[in-house]
Amino acid sequence: MEIKKGIAVSPGIAISKPLVIDSRDYRIPRRPILPAQRDAEVKRVREAFAAGIVELTELETSSDIRERNIKDIFAVHLSFLRDRSFRKKITDFVSSELTTAEYAVSTILRESAVQLASVDDPYISQRAADIYDIERRLLTQLVGKAAQEVDQLDREVVIIAHDLSPTQTAGFDRNFVKGMATEAGGRTSHTAIVARCLAIPAVVALDDMTSSITTESTVVIDGNRGIVIVDPDEETLAQYEQYAIDFGKLETKLDALRDKPAVTRDGVEIRLFGNIEFPSEAVHVKDKGGCGIGLYRSEFLYLYSGTEPTEQDHYEAYSETVKHFAGEPVVIRTMDLGGDKLPQNANVGVEANPVLGLRSIRYCLQNLTLFKTQIRAILRASILGDVRIMLPMITNLQELRQAKMIIRDVMEDLDEYAVEYNPSIPVGIMIETPSAALMASLFANDCDFFSVGTNDLIQYTLAVDRGNERVSSLYSAADPAVLRLIRGVIHDAHKGKIGLSVCGEVASEPEFTMLLLGMGVRTLSLAPPMIPEVKQMIRSVNIDECNALARKVATMDSQRQIKNYLRDKAIKILPEAY
Ligand code: PEP
Ligand code: MG
């Protein structure tokens, strides 16, 4: 039995066999196989070589490649792949070391590359680059097949990977993917957010996960405590089976709150909205008792399809969402591309600091056709319900004014064609950069609402990458600097008499509910599966005690102290959730 500790990012317990997805661009870990799997693994090596030969032969003979020396490179690669002794070295390694095809390919090829690179003759030493290329080609075959397997699952699994992209996670079939665990990532990386929205129990930031697992292992993923157990002993397994039953019972109990209002014991009403990535999630928001959409991450439309959405793609997605919420707000955030959300074919060069680079509203303002296409679709959908526009990652007033001018331009275009839309559609901004938080009093004069995006606000305020497991202990919503900024934003929104909500992941953490209420927040937007628990918390407190708690927190100077205090309070109020 092996117990690993990571960060709990999506609650629930999963117990299943693993499916390990390696990453072609990452060091392949050594993973043992059983003697009975030896032949199958050797066959995988042979198939990868055969597929590589077919691919290269096609490339070599392709009429597009007239360049003589490029053809020569392919010919060299082909000769490597056709070299039987080379392949035998790899299959022998699989058999003698009892390890996966991926690991054998990677190990033998890298050994050869290092040997070649050390030869004194530059003609020979430069061949090392060819070997790395061949390694990549073979791994694409091997890893690509494993990744494809996820799309064709017919058995229950938990997914184990070094890292997963948000779109990969969004594509998981929830009937079969029961949990996931990754070595990379943080609590608010988008992969974690997608797992939470899809209610897939998940743990991230685990140390060396992929190498200790065999296909025959049993894996327990405890998304409540942030623990993964490989091959649990009988007693532990029984304990976790019981936890899973208890967790299911708690969920059923909380789901009974669906039609109950989110009001405090002394009658203060709190609006609970859902965060979604796809229209199909809107129904879950309803099922869990949410009363609208507070954050529609529209960029997933682009990320998931891999191609730039047309106006009709946007329109259909929005009208599909709005139809679930007659008269209730649906806040569509314009495409927040970049950072860990980049489509393959986006017109963005490689950047040294993508999170600080050409992303989000900046990208839209430089790609006006893409932006206007989306705005047209939102405006067309605006007559179907209470649709609102939210602009992400605003850092200065000019960006807001420019975006609003573009919205007005699009309105004029629609007027010309007599297309109907809501001319008073509310336009708000995300407060997710320190500059926006600090200037909130000015922004309040120029927009209809704020939504505090704590995920990025924490990242930018504390200078901590939200997806980097190595600095995750520094990333905290309880940091006094972050709380001071949020307090200021709430004050400025109230003073400017504009709407205010919190839509970062902190809104879905019951430990923070009292604090947010005490700071004056009355609207929260959160991952749909978390709505019942947060509602239960709201229904268990009164505003006076929330206010007192917020005042007390304002006197504290360390995130650890604040976190412990909030946790102790929450445990007293909702012991069964802990
Ligand atoms: C945020 O930054 O808090 C937010 C809600 O948006 P995202 O997580 O998509 O960056
Ligand atoms: Mg954000």
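Which residues does F449 touch, not counting residues up to four places away in sequence? The answer is V331, R388, I389, M390, P426, V427, G428, I429, I498 and G499. The model in which these contacts occur is a predicted one. F449 itself belongs to strand β14, which spans residues 449–452. Its relative accessible area is 8%, so F449 is buried, since the cut-off for that class is under 20%. A long span separates this residue from K71: the two are 378 residues apart along the chain, and their C-alpha atoms are separated by 59 Å.

The chain as a whole gives this residue its setting. It contains 23 helices and 16 strands. The radius of gyration is 26 Å, close to the 25 Å that the globule rule gives for 578 residues, and the chain is therefore as compact as a globular protein of that length. Along the principal axes, the C-alpha atoms fill a box of roughly 75 × 65 × 40 Å. Of the 578 residues, 54% count as buried. Contacts between residues at least 6 apart in sequence can be divided by their span, and 69% of them join residues at least 24 apart.

The surface and the charges complete this general description. About 25,100 Å² of the chain is exposed, and carbon and sulfur atoms supply 49% of that area. There are 67 positive and 82 negative side chains, and the centres of the two sets lie 3 Å apart.

Attention may now turn to the magnesium ion, ligand 2. Its protein donors are E432, through OE, and D456, through OD, at 2.0 to 2.1 Å from the ion. This pair links distant parts of the chain, the two residues being 24 apart. E432 sits in the loop between β13 (427–431) and α16 (434–438), whereas D456 is part of helix α18, residues 454–462. Both donors are buried.

Two loop residues are notable for their backbone. In L98, phi is near 50 degrees, a positive value in a residue other than glycine. L98 occupies the loop between α3 (84–97) and α4 (101–117). Its relative accessibility is 21%, so L98 counts as partly exposed, given that buried means under 20%. D208 also has a positive phi in a residue other than glycine, here near 35 degrees. The loop that holds D208 runs between β6 (202–204) and β7 (219–222). With a relative accessibility of 36%, D208 counts as partly exposed.

Two further residues illustrate other environments. T191 is located in helix α8, residues 190–197. It counts as buried because its relative accessibility is 8%. Apart from neighbours within four places in sequence, T191 is in contact with L164, S165, P166, T169 and M180. S280, for its part, is found in the loop between β9 (271–276) and α10 (282–287). At 51% relative accessibility S280 counts as exposed, because that class begins over 50%. S280 and T321 are 41 residues apart in sequence, while their C-alpha atoms are 7.6 Å apart in space.

Key. Residues are numbered from 1 along each chain as its sequence is written. Chains are lettered from A and ligands numbered from 1 in the order in which they are written. This is a predicted model: local features need pLDDT of at least 70, side-chain atom pairs count only at pLDDT 80 or more; totals for chains, interfaces and linings use all residues. Side-chain values use heavy atoms; hydrogens and water are left out. Donors are N, O and S atoms within 2.8 Å of the metal (3.2 Å for Na, K and Ca); water is not among the atoms, so sites may look incomplete. Helices (H or I, at least four residues) and strands (E, at least two) are DSSP runs, numbered from the N terminus. Buried means under 20% relative accessible area, exposed over 50%, partly exposed in between (1.4 Å probe, protein chains only). The radius of gyration is taken over C-alpha atoms; the globule rule is 2.2 Å times the number of residues to the power 0.38. Contact means heavy atoms within 4.5 Å. Accessible areas come from the Shrake-Rupley method with a 1.4 Å probe; for residues, only the protein chains shown count as cover. Lys and Arg count as positive and Asp and Glu as negative; His and the chain ends are not counted. The place of a charge is taken as NZ of Lys, CZ of Arg, CG of Asp or CD of Glu.
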